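Biologist: I am new to this structure and should be grateful for a close look at one part of it. Please explain each term when it is used.

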Amino acid sequence: MSRCCPCASAASTTAPFLLPSIPAASSRSGGGGGAFFSAAVGRSRLRCGGGPRHGHAMVAAGSKDNGSGTAEGEKGEDDAPAFNPFGFVTDNPSSRSAIQLPAVPAEDGNVGQMLYRIEDKGREYGSYVRAGEFRWFVRETGSPDARRGTIVFLHGAPAQSFSYRVVMAQMADAGYHCYAPDWIGFGFSEMPQPGYGFDFKEDEFHKAFDDLLGTLNITEPFFLVVQGFLVGSYGLTWALNNSSKVLKLAILNSPLTVSSPVPGLFQQLKWPLLGEFTCQNAVLAERFIEAGSAYMLKLEKADVYRLPYLSSGAPGFALLETARKIDFQDVQSRISAGFSSNGWEKPILLAWGISDKYLPLSIAEEFKKANPSVVKLEAIEGAGHMPQEDWPEKVVKALIYFL
């Protein structure tokens, strides 16, 4: 992430579409996600009578810039039309260049050209592996003969294994063999259609992951690193069901207690119709990541998190189905009880970004109190909800010391 304050990006913008503001489903919803649509609608209404966004002049392809900030033959800012139907922008500066389309979209900046610009990004250390019925995208660093053992990194929603690229490269240099898959329905892995062999339920994710471990020939106990919501939580419930396969467990910011807040994004996905609109927002992932952190993503990183949602509607619907199938209270209750002193004996590291806008440090502290003899808490200053993206060097240091 670009470690700079995003406050400057709060300028008025035009939302991709207008939706009515709804009350949060819970008073404990996360700081950034719950107000996404209501804030976007408010900004849209303020913009309807105005011209182009201040400081951003659009010049159609083929027009000449006369040096004054407007194109020859084009109207000045004061004379611009009140509404540009192709002005899809967000308040994320890293998204503007990709999402805002010019006045003549067919000539420049259309979705096809966006995809052409970014379609080869974000596949560092990765390859495709067929395991069971599905095709996984798996990143791998280090050697199978690594002297210190194997680490499997599991991401949460709505992110992907790309978030671990720096951490797993440095852990390989430290002598570990590392894998980081994209969960089925996320990132670059296969996107099955709901109801046709995969319904995005917890037990199905567990079975698919077991198949992947078999295909990767991971037969000995390994180190497991987990982060995030939804599928991240399923990584933890898999560990509870397969404790004999886990040597040590490292948990980055994840919902671990029944008091863990549920971000507004996942609450909105459960609403009929609103969920269908929300899941098709092409900048959904990067917006969620930035809302949980003190930093903005650089453009080249935002491109990768955006790419699956630009490529097709399938990743959005996979996220929608996963969010609607999970029972947050049940899963968080099982995680809290399962890793307590009565249920878990393996060493656990909590590497916690203390600037997380979704899950405060108090969640990690509460979790540690339930099993203090095996849980070590490492607070990572300056990192937000995804410390592996914000400060990978600090995560690596914590992991090496722990493992």
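Modeller: The account below begins with one helix and its surroundings and then moves to other places in the chain.

The model is predicted: local features need pLDDT of at least 70 and side-chain atom pairs count only at pLDDT 80 or more, while totals for chains, interfaces and linings use all residues. Numbering starts from 1 along each chain as its sequence is written, and side-chain values use heavy atoms, with hydrogens and water left out.

Helix 6 is mostly covered, since nine of its eleven residues are buried (helices are DSSP runs of H or I with at least four residues and strands are runs of E with at least two, numbered from the N terminus; buried means under 20% relative accessible area, exposed over 50%, and partly exposed in between, with a 1.4 Å probe and protein chains only). The buried residues are V231, G232, S233, Y234, G235, L236, T237, W238 and A239. Their cover includes strand 3, helix 5, strand 5 (222–226), strand 6 (246–252), helix 11 (314–325) and helix 12 (328–338).

Of these elements, helix 5 deserves a closer view. The axes of helix 5 (residues 202–215) and helix 6 (residues 231–241) come within 10 Å and cross at roughly 70 degrees (axes are lines fitted to C-alpha atoms, for helices over the stretch in contact, and angles run from 0 to 180 degrees between N-to-C directions). The two helices are therefore roughly perpendicular to each other (65 to 115 degrees; under 35 is roughly parallel, over 145 roughly antiparallel, and the rest oblique). Their crossing is right-handed (the near helix is turned clockwise from the far one by less than a right angle; anticlockwise would be left-handed). From helix 5, the contact draws on E202, F205, H206, F209, D210 and L213, and from helix 6 on V231, Y234, T237, W238 and N241 (contact means heavy atoms within 4.5 Å). By type, the residues of this contact are six nonpolar, three polar and two charged (Ala, Val, Leu, Ile, Met, Phe, Trp, Tyr, Cys and Pro are nonpolar; Asp, Glu, Lys and Arg are charged; the others, Gly among them, are polar).

In the loop between strand 4 (177–181) and helix 5 lies F200. Its phi is near 60 degrees, a positive value in a residue other than glycine, and F200 is buried at 0% relative accessible area. Most residues other than glycine have a negative phi, and most peptide bonds are trans. Y125 likewise is not a glycine and has a positive phi, of about 65 degrees. Y125 sits in the loop between helix 3 (111–118) and strand 1 (126–131) and, at 44% relative accessibility, is partly exposed. The peptide bond from A157 to P158 is cis, with omega near 0 degrees; P158 belongs to the loop between strand 3 (150–154) and helix 4 (165–173).

Y125 is also among the residues touched by T141, a list that includes M168, A169 and A172. T141 belongs to strand 2 (residues 134–141) and is buried, at 6% relative accessible area.

Helix 4 has a helical partner of its own: helix 4 and helix 15 (residues 392–402) pack at about 40 degrees, with axes 9 Å apart. That angle makes helix 4 oblique to helix 15.

Notes
Lists of a residue's contacts leave out its neighbours within four places in sequence.
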